[in-house]
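Student: I've got a model open and I'd like to learn how to read its side chains. Can we go through it together?

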Amino acid sequence: MATGVRRTTLTLPAAPVGPASPLPALRAPGDVHRVELPEGLELPPDMARQLRYAPLDSLLPVAVRDGYGRTRAETTLDALVIENDRLRATVLPGLGGRVYSLHHKPTGRELLYRNPVLQPANFALNGAWFSGGIEWNTGATGHTTLSCAPVHAATVPAPDGGEMLRLWEWERLRDLPFQVDLWLPDGSDFLLVGVRVRNPHLNAVPAYWWSNTAVPEDEHTRVLAPADGAWHFGYEHTLRHVPVPESGGADRTYPLRSEHPADYFYEIPDGDRRWIASLDATGHGLVHTSTDTLRGRKLFLWGAGRAGRRWQRWLTEPGTGGYAEIQAGLARTQLEHVRLEGGAEFAWLEAYGPLAADPAAVHGADWAAARRAAGDRLEAVLPREQVDAAFAAWRPYADVEPKEALATGSGWGALERARTGHDLPGTPFAESTVGPDQQPWLTLLHTGDFPRGGGVPAAPLVAAPWRDLLESAPPGPGTDYHLGLAQWHAGDRAQAVRSWERALAHGADCRPLYCLAVAEESEGETARAAQRYAEALDCVPDEDPADGTEHIGPLLPALVRAAVPALLAAGRADEAAAALGRLPEADRTDGRFALLTAQVALAQGDAAAARAVFDRGFEVPDLREGDESLSDTWFAVAEALVAGTGPVTPDVRARARAEHPLPDRYEFRLRAV
């Protein structure tokens, strides 16, 4: 059959992603990727430099996506299929361009882990993410903020005369456009993917890319790569060099022979072909290879422990198979950012396809023989020179303009083109894509004045050129609020505080008060932060002031969720309880607020009431990867119940853990306990 691209739909049980948080993302996304280097650990110089290069101080200008739950319903999603007579790839343009399925027709095998449900969970830098397939991660260390966002898609001529599927978008954390071109040469068993990340600016920018592939996992799954050593990173935040395949008394190339979740970043010698494969008991599975620009290779495993299996069930349908991830990136590890000079680009080619190697060699005790068996088979079915040639053939087509639009992403790229006039061949950010989020900024660009009115502030922009425009604009609630966000992002915290105070003086809503509360927290001013949160809560009406009948919407719940921990930290438990009491019943029964309710009851001295919340049962839909607040609160309640009015001694702690073991439903700890 002729290679082609077509539209289709995919129907599966899905929980809606929901709205973004109405509060600005002033904080960095947790500490999952924080690294504590052991004393005396020697790192390659480029790795040491890139580990320290440009970590995120906040998520601005991106919004947090936390409006999802865990109630799923049959949902029809737009999908795009690229297909030849050997392979069929299914892509979800509305969800970051995820490759949902890669089906090998001659063998009838699904080469990827294909999640039977769409269940958002808090793994992306900005929250909502889902497991399965092939995802394109760019921006900063972690899962991309575009995990659950639409991207642009269109058909483009392919180097062999067929059709390519092009995906592209403007990534807002680093203000970098990227594109992903997928095509299937006639008769090929391999999906070819050309990737380009461009820096259209004059200044250098930190860049990041990791292609993550979820693969089916069972007790026989083995991951192979041409390496004898790896950098191990776990949820204890430590980085260490370990031998491959065996360390700590177990063969870590079998994902289920590890107890705890972990990353293994393979150290592939310079000059060697870069590949990674996941093969089953019969020696069959998926292999990924690329040109050398994509240097890193990684295995992520959940492990066989209690918490890892709990997270697997959390991300999919209970009773279905689990997965591991094989990944490839620009640096040795996912903990690094790479400098991309002004006017430059990173470009490379990837290939995904089936691999069948001798199972006796693949699963033998001789690691060198196992990886040689897989590497030799890869060279036989897809020689390294063929990948390099495909990359060279693709390069002239990377600039070819798309033919037929298939999906539309955001208008942020069009806004940047309007400001700069950037010429970005191959990735047209059409003026027609400018929408409500971009329109106020377009007005500022054309008139020098930020629009007034409308109540809800526009989506933020914080790059230096936009900050300059805000500084020159007439003052007003929106101008000063957004100027404060841009100054905060730039590290000018004192000026940000002044701008937010001016926004309040000009009649802004409660959001500047929230920003001032976060500013106090960042300085360790617990009491003053709590007071700012209390003031912010006071200025949010319980009802819509327009008609007095509808609830104010997501702003009050978001603010209560941020304020309650700060009020508890300041010893204002009764005010925290009152804040929870302002929520409508539908919000109070949500697991996010059930956990806060238990924490407030404990702070008020009522451990029995706190335990009753746990006994009734709840789920926190957006529990963060690595977050241990559930288990910490459970054991704090247990200790209070055992201690009564007495002190919490080591003996009390031991009794609490023995008498009140943590139930499976609340076990999410990803590190050794």
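Student: Let's start with one residue. Is S211 buried or exposed?

Tutor: Keep in mind that this model is predicted. Buried means under 20% relative accessible area. S211 has a relative accessible area of 1%, so this serine is buried. You'll find S211 in strand β14, residues 209–217.

Student: What does the side chain of S211 make polar contacts with?

Tutor: For a polar contact, look for N or O atoms within 3.5 Å. The S211 side chain has one such contact with the side chain of W209, at 2.9 Å, and another with the side chain of E350, at 2.8 Å. Setting aside neighbours within four places in sequence, S211 is in contact with E135, W136, I326, Q327, A328, E350 and Y352.

Student: Now the cysteines. How many disulfides are there?

Tutor: Zero. The idea is to check the distance between sulfur atoms, which has to be within 2.5 Å. For C515, the closest cysteine sulfur is in C510, 9.4 Å off, so that's too far for a bond. C539 is in no disulfide either, with the sulfur of C510 as its nearest, 4.3 Å away. As for burial, C515 is buried at 0% relative accessible area, while C539 counts as partly exposed at 38%.

Student: How many aromatic pairs does the structure hold, and how do I read one?

Tutor: There are 24 aromatic pairs. You describe a pair of aromatic rings by how far apart the centres are and the angle of the planes. Take W302 and Y323: their centres are 6.4 Å apart with 85° between the planes, which makes the pair edge-to-face. W302 sits in the loop between β23 (296–301) and α2 (306–315) and Y323 in strand β24 (residues 322–329), so the pair ties together parts 21 residues apart in sequence. Both of those residues are buried.

Student: What about F614 and F618?

Tutor: With ring centres 5.3 Å apart and planes at 55°, that pair is tilted. F614 and F618 are buried too. Rings can also gather into clusters: Y113, F123, W129, F300, W302, W311, W314, Y323 and F668 form one.

Student: Which charged residue lies over the face of W412?

Tutor: That's R172, 3.7 Å from the ring centre. Elsewhere, the charged end of R592 sits over the ring of Y68, 6.0 Å from its centre.

Student: Last topic: how many salt bridges are there?

Tutor: The count is 48. You want a side-chain nitrogen of Lys or Arg within 4 Å of a carboxyl oxygen of Asp or Glu. D480 and R502 qualify, with the closest N and O atoms 3.5 Å apart. This pair links helix α9 (residues 477–489), home of D480, to helix α10 (residues 493–505), home of R502. D480 counts as buried at 3% relative accessibility, whereas R502 is partly exposed at 35%.

Student: How far apart in sequence are the parts that R671 and E628 tie together?

Tutor: Their side chains meet in a salt bridge at 2.6 Å, N to O. R671 lies in the segment after α19 (650–659) and E628 in the loop between α17 (607–616) and α18 (629–643), so the parts are 43 residues apart in sequence. R671 is partly exposed, with 35% relative accessible area, but E628 counts as buried at 15%.

Technical notes:
Residues are numbered from 1 along each chain as its sequence is written. This is a predicted model: local features need pLDDT of at least 70, side-chain atom pairs count only at pLDDT 80 or more; totals for chains, interfaces and linings use all residues. Side-chain values use heavy atoms; hydrogens and water are left out. Buried means under 20% relative accessible area, exposed over 50%, partly exposed in between (1.4 Å probe, protein chains only). Helices (H or I, at least four residues) and strands (E, at least two) are DSSP runs, numbered from the N terminus. A polar contact is a pair of N or O atoms within 3.5 Å; within protein, one must be able to donate a hydrogen and the other to accept it, and residues adjacent in sequence count only if both atoms are side-chain atoms. Contact means heavy atoms within 4.5 Å. Rings of Phe, Tyr and Trp (its six-membered ring) pair if their centres lie within 6.5 Å; planes under 30 degrees apart count as stacked, over 60 as edge-to-face and the rest as tilted. A charge sits over a ring if NZ of Lys or CZ of Arg is within 6 Å of the ring centre and within 35 degrees of the ring normal.
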